[in-house]
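Please open the model in your viewer and keep the selection tool at hand. The tour below proceeds by selections, with a short account of what each one shows.

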Amino acid sequence: MPRFRPPTITLSDQHHAAAVLGGAWLVCTMTEEDVMPRLSAGLQQTAAHADLHWDLSQITALDTIGAQMLWRAWDKRRPRHLVLRPEHEGLFARLEQVSALPIPRAPKPRLTRVMLLGRVMLSFFEHLYDFVGLLGQLALDLLRFARHPLRGPWKEISSNIYRTGFQALGITALVGALIGVVLSYLSSNQLRNFGGDVYLVNILGMGIIRELGPMLAAILVAGRSGSAITAQLGVMRVTEELDAMTVMGIPQGYRLIMPKVVALAIAMPLLVIWTDAMALLGGMLAAQAQLDMSPAFFLNKLPEAVALSNYWLGLGKGVVFGILIALVACQFGLRIQPNTESLGQGTTSSVVISITVVILADAVFAVIFSNIGY
Amino acid sequence: MTDAAIIDIQNLRTQFGRAVVHDNLNLQVRQGEILSIVGGSGSGKTVLLRQMLGLEVPKRGTIKILGEDIHSRQAKHIQYLRKRSGMLFQHGALYSALSVFDNVAQPMRELRTLPEALIHDMVYLKLQMADIGFEHARKMPSDLSGGMIKRIALARALALDPELLFLDEPTAGLDPDRSDSFVKLILSLHKQLSLTVVMVTHDLDSLFALSTRIAVLADKKVLTVGTPQEVVKVEHPFIERFFLGGRGNRAMEVLEQPDQGPVPDHPQQHKEN
């Protein structure tokens, strides 16, 4: 399909030093392989001649990039001896006009390290401030919900439970069961050394129900639903849906944020139970393979080994983790600016921060409830 | 050369599920003209434009650009064609993560052969062509108004000096004054760069001010193609409603007084949905 001849430069010395340019000086011909370096070198060499006559009348086609190349070779002014085709006159006139315009230099914002640190700190406090605001709004919305429960956003809540809870059943089951198997194998090998095989039930029961079940479920949900919530709110900001809601008088907190928080607060403890069950199942099967411990024995021993308060603790953690994940995700979602980069950044930080917050909360739980359930 | 068809659409059929949008549609775009495509909402103007750009594949039929079927698997010069054509999307479609300067520089940097200093000069040249003050070059698209975004998108579409320029609703969402200057801008660029322009529009003023020919899409095909004067004379209920309503009559005054220049007397903003 290339329909143009490549650009050429020929020097002639008949009456006076002259450069005769020919071919098509178009971006498509100039950017073909090897043409550009040859052309730049040729132009540079040619332009070095003093008082050169430029003959551009052989050029079959010229576009702005071609003209700009020549213009740069001429040091941004018209050479004294120039032969042009009339149709190319306009191009150079425009170039002359543009080079006369001053190009403003953008002042580089220079921040010292101290200022950068200050900015990080300020943005941290800003986050904290917004988060407190979000919590306050949530409390008000919950009050309103409690006062008129029939007019609450039930549909949103149920669809959120379906999406964050039901649709996460598969992944949590898989991960839970595999972790159960791994834990069971690891501990049974160690316990066999002491002849304390029966304590496998204690280790699995306590470890999974108290710690691992809620943690695993929380991390998976933060990755799955936290990111989805942030991205959803972010896209709603980009497409101005959030503004449309405000204009129509639909309260964002009540219709978007509270349903998500409530849904995760309901779905998370259920997911915790499910993950616990799957992990214990995996551990139980691995125990049978490794230690010949029968499932019946395992199930009989479990209530003895793990006090009931541990279950409640696990469920409580589930509720708190769910609320935290939803709040962090909403917080980051609402702060997204209407551009693609901010959307990506916001989603990433939402997941990272919610996992961090969940682990922090878990540590707090461990300290507060250190004498319960043993 | 001026009468050669640069785009040749033959027996095109477009279907979404069971809804047929185009059936047996034929259309030729000649070199150097400004062809406007008009039609009611849902008549498939934008889809047709997207098909010419290779963004959507028609159910049946061929679209040949410079003699090559762009939807065929054997097409060898798609990349070449992409570089030789520019598209102005309805909402600009600027890369929101890049500054104005980088947006316009992007197509040139993508060639990987042009020196950065040349690109720098080219960007300012294109910005000047699109009538954008240089002080906006370092701004981000989210800081700009809709009209600015459109003109910057035009500068980006023109970055590689395309032979073929596609415009999707170029004046929609611009104020009348901006709309007029946009029309002038496209006219002057068309003259200077010997562009072929394919435009989809609802705006009657810019339609009559710009078009060399108008193609009317209705009843799933091209109802008629011709100069604005020819098209308005065709007897068809759609054409009568579209062109001969109150707005149409006002906009058409520009056709009756050719010496008044390309800019209509009654600039008005039309955005029909």
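Begin by selecting A:Leu11 and A:Ala19: the latter, in β2(A), is the bridge partner of the former. The model is a predicted one, in which local features need pLDDT of at least 70 and side-chain atom pairs count only at pLDDT 80 or more, whereas totals for chains, interfaces and linings use all residues. Residues are numbered from 1 along each chain as its sequence is written, and chains are lettered from A and ligands numbered from 1 in the order in which they are written.

**The sheet of chain A**

Extend the selection to β1(A) and to strand β2 (residues 18–25) of chain A, which run antiparallel and are joined by five bridges. Strands here are DSSP runs of E with at least two residues, helices are runs of H or I with at least four, and both are numbered from the N terminus; two strands pair if DSSP finds at least two bridges between them. Now show the whole sheet, an open one of four strands in the order β1-β2-β3-β4 (chain A) with mixed pairing. At its edges lie β1 (8–12) and β4 (81–83) of chain A, each of which pairs on one side only. On average, neighbouring strands of this sheet are turned by 15 degrees against each other, direction ignored. For such angles, axes are lines fitted to C-alpha atoms, for helices over the stretch in contact, and angles run from 0 to 180 degrees between N-to-C directions.

**Domains and a helix of chain A**

Colour chain A by its two domains: domain 1 covers 8–100 and domain 2 covers 115–368. These bounds come from an automatic or database domain assignment. The centres of domain 1 of chain A and domain 2 of chain A, taken over C-alpha atoms, are separated by 66 Å.

Next select helix α6 (residues 154–164) of chain A, whose buried residues are A:Ile157, A:Asn160 and A:Thr164. A residue is buried if 20 or more other C-beta atoms lie within 10 Å of its own, exposed if 12 or fewer, and partly exposed in between, with C-beta atoms placed from the backbone. Why do the buried residues lie on the same side of α6(A)? They cover an arc of only 65 degrees around the axis, the arc being that of the directions from the helix axis to the C-beta atoms. An α-helix has 3.6 residues a turn, so residues three or four places apart point the same way. The face of α6(A) turned away from the buried side carries the exposed residues A:Lys155 and A:Tyr162. Add α8 (200–238) and α10 (252–291) of chain A, which are included in what covers the buried residues of α6(A).

**Where the chains meet**

Select the residues shared between the chains: 23 residues of chain A are in contact with 24 residues of chain B (C-beta atoms, placed from the backbone, within 7 Å). On the side of chain A that touches chain B, at least two residues each are supplied by α1 (27–30), α3 (64–73), α4 (89–100) and α13 (340–368) of chain A. The most comes from α3(A), with five residues.

Centre the view on B:Tyr124, in helix α4 (residues 116–129) of chain B. Leaving aside neighbours within four places in sequence, B:Tyr124 is in contact with A:Val98, A:Ile103 and B:Phe134. B:Tyr124 is partly exposed, with 19 other C-beta atoms within 10 Å.

**Chain B**

Show chain B alone, with its 10 helices and 10 strands. Of its 273 residues, 42% are buried. Select strand β1 (residues 5–16) and strand β2 (residues 19–30) of chain B, an antiparallel pair with eight bridges. B:Leu12 has B:Leu25 in β2(B) as its bridge partner. Between the strands of this hairpin are two residues, and B:Gly17 takes a positive phi near 60 degrees.

Finally, display the open sheet of six strands in the order β6-β7-β8-β3-β9-β10 (chain B), with mixed pairing. Its edge strands are β6 (85–88) and β10 (221–226) of chain B. Within this sheet, strand β3 (residues 34–39) and strand β9 (residues 213–218) of chain B pair in the parallel sense over five bridges; the bridge partner of B:Val38 in β9(B) is B:Val216. Helix α1 (residues 45–52) of chain B packs on the sheet and touches β3, β7 (164–168), β8 (196–200) and β9 of chain B.

Definitions and conventions. Contact = placed C-beta atoms within 7 Å.
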